[in-house]
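Hi,

Here is the structure I said I would pass on. Have a look at it first, and my notes on what turned up follow below.

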Amino acid sequence: MDSHRHKAGLRPRPAIGLSGTSADPASTQPLNAPASRPSVMQAPVLVLNATFEPINVTAVRRALILMLKGVAQAEETNHSEVHSTSKAIQVPSVIRLLTYRHIPQQSRALSRKNILLRDRNTCQFCGFAFAASELTLDHVLPRSRGGRSSWENLVASCYQCNNRKGDRTPEEAGLKLQRRPRPFTLHTSRQLMRLIGHRDEKWRKYLFY
Ligand SMILES: [Zn+2]
């Protein structure tokens, strides 16, 4: 259990279920490789709009589907290949949508996935990073006190902190929020993309400007 925990900030943990950021460059895998295997298919891929503006991070598996559908093309690849039935495809590191997609500000839906993404899979009370399955959502002001389900009132919490807090405010429970919860903005997304991509040289020119 403890081996899965590390203090947030020491190593940016690619939350969002994108484990295995550094794929073995020599490996090749079939497109239908089992999802349970931490593999090339889960490695993060930067998604650019048609205008080269970074808009998202996805997994290799999804990026390949977008490419095969003709929705996106690879801008950068890494050194590994995957094989579909007929051909070998270079694994993308950065893809670009072929038609421009309008991304409204604050288009992120309020969802468990996005709260965990915003909080980088880090319990906002104890500050440790966890697997998504080990985190729950906590209403900072409990629902029983009129606390709403909103960006400002929902945070990622480990079960231990969540149990300790119970139906109380953080102050009452002797817990302190790591930071004030805020809506997920495009700015937040950029920061996250940088964190996830800081080890991938090929992302840099699209993210650091
Ligand atoms: Zn905790």
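Of the 209 residues in the protein, 44% are buried. Keep in mind as you read that this is a predicted model. The secondary structure comes to six helices and nine strands. As for how the chain folds back on itself, take the contacts between residues at least 6 apart in sequence: 61% of them join residues at least 24 apart.

**The zinc site**

You will probably want to look at the metal, so I'll begin there. What holds the zinc ion? Its ligands are the SG atoms of C123, C126, C158 and C161, at 2.3 to 2.4 Å. Along the chain these donors follow the spacing C-x2-C-x31-C-x2-C. The angles that the four donor atoms subtend around the zinc ion run from 101 to 117 degrees, so the arrangement is tetrahedral; the cut-off for that label is that all angles lie between 85 and 135 degrees. Two of the cysteines also have burial values to report: C158 counts as buried at 4% relative accessibility, and C161 counts as buried at 8%.

**Strand β6 and its partners**

Next, have a look at strand β6, residues 88-97. Eight of its ten residues are buried, so the strand is largely enclosed by the rest of the structure. Which strands pair with it? One is β5 (residues 72-83), which runs antiparallel to β6 and is joined to it by eight bridges. β5 and β6 make a hairpin, with four residues between them. Another is β3 (residues 44-48), which pairs with β6 in the parallel sense over three bridges.

I95 in β6 is a handy residue to click on when you inspect this part. A74 stands opposite I95, and V47 stands opposite I95 as well.

**Salt bridges**

Side chains of opposite charge can pair when their charged atoms come close. In this model the count is five salt bridges, and here are some of them.

R118, D119 and R179 are linked in a network. Within that network, R118 and D119 form a salt bridge whose closest N and O atoms are 2.9 Å apart. D119 also meets R179 in a salt bridge, at 3.9 Å from N to O. That second pair links distant parts of the chain, 60 residues apart: R179 is in the loop between α4 (170-173) and α5 (186-197), while D119 is in the loop between α2 (112-118) and β7 (128-129).

Are the members of this network buried or exposed? D119 counts as buried, at 3% relative accessibility, and R118 counts as buried, also with a value of 3%. R179 is partly exposed, with a relative accessible area of 39%.

Another salt bridge joins the side chains of K165 and D138, at 3.0 Å from N to O. These two also come from distant parts of the chain, 27 residues apart, with K165 in helix α3 (residues 159-165) and D138 in strand β8 (residues 135-139). D138 is buried, with a relative accessible area of 3%.

**More on K165**

K165 is worth a few more lines. How accessible is K165? Its relative accessible area is 0%, so this lysine counts as buried. Besides the salt bridge to D138, a polar atom of the K165 side chain lies 3.0 Å from the backbone oxygen of V140. If you leave aside its neighbours within four places in sequence, K165 is in contact with F125, D138, H139, V140, P170, A173 and L175.

**One more long-range pair**

Last on my list is L117, which lies in helix α2. L117 is buried, at 8% relative accessibility. Which residue did I pair it with? L192, which is 75 residues away from L117 in sequence, with 8.4 Å between the two C-alpha atoms.

If you open the model yourself, I'd take the parts in this order: the zinc ion with C123, C126, C158 and C161, then β6 with its hairpin partner β5, then the network of R118, D119 and R179, and finally K165 with D138.

Cheers

Notes: Residues are numbered from 1 along each chain as its sequence is written. This is a predicted model: local features need pLDDT of at least 70, side-chain atom pairs count only at pLDDT 80 or more; totals for chains, interfaces and linings use all residues. Side-chain values use heavy atoms; hydrogens and water are left out. Buried means under 20% relative accessible area, exposed over 50%, partly exposed in between (1.4 Å probe, protein chains only). Two strands pair if DSSP finds at least two bridges between them. A salt bridge is a side-chain nitrogen of Lys or Arg within 4 Å of a carboxyl oxygen of Asp or Glu. Donors are N, O and S atoms within 2.8 Å of the metal (3.2 Å for Na, K and Ca); water is not among the atoms, so sites may look incomplete. Four donors count as tetrahedral if all angles lie between 85 and 135 degrees; four count as square planar and six as octahedral if opposite donors are over 155 degrees apart and all others between 65 and 115; anything else is irregular. A polar contact is a pair of N or O atoms within 3.5 Å; within protein, one must be able to donate a hydrogen and the other to accept it, and residues adjacent in sequence count only if both atoms are side-chain atoms. Contact means heavy atoms within 4.5 Å.
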